[in-house]
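Here is a short guided walk through one structure, from its sheets to its ligand site. Have the model open beside you as you read.

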Amino acid sequence: MAEKLQTRCVIAGGGPAGIMAGYLLARAGVPVIVLEKHADFFRDFRGDTIHPSTLQLMYELGLLDQFLKQPHQEVRELRAVVNGQVVPIADFTKLPTRCKFIAFMPQWDFLNFLATRAKEFPDFQLLMQHEVVDLTFDQQRVTGVRVKTPRGELEIRADLVIGADGRHSIIQTRAGLERQDFGVPIDALWMRISKKQGDPQQSFGFFERGKLLVLLDRGDYWQCGFVIPKGGFDEIKARGMQELQNSIVSFAGFLRDRVAELDDWSKIRLLTVQINRLRDWYRDGLLCIGDSAHAMSPAGGVGINLAIQDAVATANLLGEKLRTGPVSVNDLRQVQARREWPTRLIQAMQVFIHRNLVTGQTSQRKDSLPIVFRLLKWFPVLRQIPARFIGIGPRPEHYLNRGR
Ligand SMILES: Cc1cc2nc3c(=O)[nH]c(=O)nc-3n(C[C@H](O)[C@H](O)[C@H](O)COP(=O)(O)OP(=O)(O)OC[C@H]3O[C@@H](n4cnc5c(N)ncnc54)[C@H](O)[C@@H]3O)c2cc1C
């Protein structure tokens with residue numbers, strides 16, 4: 001017999017969407033249990049970007065000062081090296097936000113920080129090594145989740161199940177929610193190379209003839225993301241490790257003396273990139289948010305921001321009602337109605353970037369800058385557009401329950 005628990009809201013997934021939703025709902029007085037299948041937050045396959053809009057939210061929640069005491073880098077201008085030329089892409093210094101920068105912070109530090117603050121609320125519980133394996137139903141209504149734990153099976157009944165379990169979401173599959181997939185022509189290889197004194201001081205991206213290398217500063221190592229054509233990993237393996245090492249060095253010459261650390265394919269992870277979106281993000285008793293509702297590609301580095309904005313909208317729209325009882329399908333529909341068009345817009349931008357800048361004709365010409373980058377180089381004022389899009393995004397959400 002499975003152990004049984006009862007709560008108001010159960011959240012599958014302790015990523016940015018799940019932890020933020022859990023924090024905000026518990027702060028609003030809603031009993032909430034967040035389930036994370038891993039034992040810790042140390043996943044290296046997530047981005048490390050905390051956007052100005054998220055920092056604004058931290059300020060509204062009264063957490064900003066403590067948050068900024070965590071080790072991080074503040075990046076006020078994003079630059080890329082495009083076909084050998086340094087191009088300023090986004091200028092955050094003019095944003096109408098309290099913090100006019102992106103904070104680069106390993107995502108496990110961000111999640112640990114937020115989870116620690118959330119545990120200060122008596123209504124919050126985070127259960128690690130708890131993997132949701134199925135949903136439970138009463139006719140058409142979702143009534144809870146079945147969970148695999150180190151101690152055996154657990155069943156949690158709740159008035160609302162939130163799917164925040166990322167781009168390989170079991171919740172959306174088990175709920176039978178229909179999904180639209182948008183073709184993505186790229187995947188990413190994800191690997192670590194050590195950092196040394198004298199290396200450049202910040203995370204950045206190199207872009208050349210349709211190839212892209214991103215380096216994230218993780219303190220004592222670089223987290224490297226190397227974009228490859230979708231399905232192209234076997235061909236890369238067939239060409240040999242040396243060729244991959246050479247490609248990396250051709251972008252970032254300072255890695256020449258240590259690229260040989262990549263001496264085995266087991267050190268290189270293939271991350272499949274997807275863009276998709278659910279037609280309905282909800283059904284009776286259940287709501288999906290973040291990548292579980294709309295998987296984002298790394299293009300533009302905006303998926304984390306969007307996941308957090310979904311969580312804020314969820315707490316703003318449902319928090320008060322959930323405190324006293326279940327929410328209706330109509331309430332859940334309102335969350336999708338609020339977050340759908342910002343999601344559509346950002347995904348359309350990601351599809352555009354993939355088609356035109358990463359794999360398209362404009363990206364293939366040697367030594368020339370695609371027109372978008374030339375415009376950004378010539379007209380500094382234009383850098384405020386990507387800054388706004390990346391740093392704040394369309395329809396930013398704000399914390400509304402200021403009383404708590
Ligand atoms: C290679 C790559 C690089 C990226 N870089 C960036 C970037 O720099 N900036 C940016 O903004 N976005 C980036 N993105 C997009 C970003 O990672 C996502 O949009 C974002 O993480 C979505 O947050 P989430 O909370 O919805 O899901 P996730 O971050 O995927 O979190 C889901 C959580 O649920 C847990 N989980 C999964 N299944 C279960 C289960 N059955 N039971 C319990 N727990 C479960 C997972 O372990 C995970 O902790 C990148 C994406 C990729 C693929």
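## Strands, helices and a ligand

Let's start with a single pair of residues: Thr49 has Phe104 in β7 as its bridge partner. Please keep in mind throughout that this is a predicted model. The strands behind that pair, β3 and β7 (residues 102–104), are joined by two bridges and run antiparallel. They belong to an open sheet of three strands, ordered β3-β7-β4, in which the pairing is antiparallel. Because β3 (49–50) and β4 (73–75) are the edge strands and have a single partner strand each, one side of each is left without a neighbour in the sheet.

**The seven-stranded sheet**

Another open sheet has seven strands, and its pairing is mixed. Reading across, the order is β6-β5-β14-β15-β16-β13-β17. Here β6 (85–91) and β17 (269–272) take the edge positions with a single partner strand each, so one side of each has no neighbour in the sheet. From one strand to the next, the twist averages 25°.

Within this sheet, β14 (residues 204–208) and β15 (residues 211–217) run antiparallel and are connected by five bridges. One residue pair to look for is Glu208 with its bridge partner Lys211 in β15. Now add a helix to the view: α7 (residues 241–251) lies across β13 (186–194), β14, β15 and β16 (221–229). Its direction makes an angle of about 75° with β15.

**A hairpin**

Next come β9 and β10 (residues 141–149), an antiparallel pair with seven bridges. Thr136 finds its bridge partner in Gly144 of β10. Two residues sit between the strands of this hairpin, and Gln139 takes a positive phi near 55°.

**The ligand and its shell**

Strand β9 also leads us to the ligand. Which elements each supply at least two residues of the shell around the ligand? They are α1 (16–27), β2 (32–36), β9 (131–138) and α8 (303–324). The largest share comes from α8, with three residues.

In total, 33 residues surround the ligand, and the closest are Glu36, Arg46, Thr49, Asp291 and Ile304. Thr49 is thus a familiar name, having appeared above as the bridge partner of Phe104. By class, the shell consists of 13 nonpolar, 12 polar and eight charged residues.

Some polar contacts with the ligand are set out here.

| Residue | Protein atom | Ligand atom | Distance |
|---|---|---|---|
| Glu36 | polar side-chain atom | oxygen | 2.6 Å |
| Lys37 | backbone N or O atom | nitrogen | 3.2 Å |
| Gly303 | polar backbone atom | oxygen | 3.1 Å |

How much of the ligand does the protein bury? Taken alone, the ligand exposes 1000 Å², and 94% of that is buried by the protein.

**Two helices that meet**

Helix α8, which gives three residues to the ligand shell, also packs against another helix. Its axis and that of α2 (residues 52–60) come within 9 Å and cross at roughly 35°. On the α2 side the contact involves Ser53, Thr54 and Leu57, while α8 brings Asn305, Ile308, Gln309 and Val312. Sorted by class, this contact has three nonpolar and four polar residues, and no charged ones.

How values were computed. Residues numbered from 1 in each chain as written. Predicted model: local features only at pLDDT ≥ 70, side-chain atom pairs only at ≥ 80, totals over all residues. Heavy atoms only, no water. Pairing = 2+ DSSP bridges. Helix = DSSP H or I, 4+ residues; strand = E, 2+ residues; numbered from the N terminus. Axes fitted to C-alpha atoms, helices over the stretch in contact; angles between N-to-C directions. Contact = heavy atoms within 4.5 Å. Near = heavy atom within 4 Å. Polar contact = N/O pair within 3.5 Å; in protein donor to acceptor, adjacent residues only side chain to side chain. Areas by Shrake-Rupley, 256 points an atom, 1.4 Å probe, with all protein chains shown as cover. Nonpolar A, V, L, I, M, F, W, Y, C, P; charged D, E, K, R; others polar.
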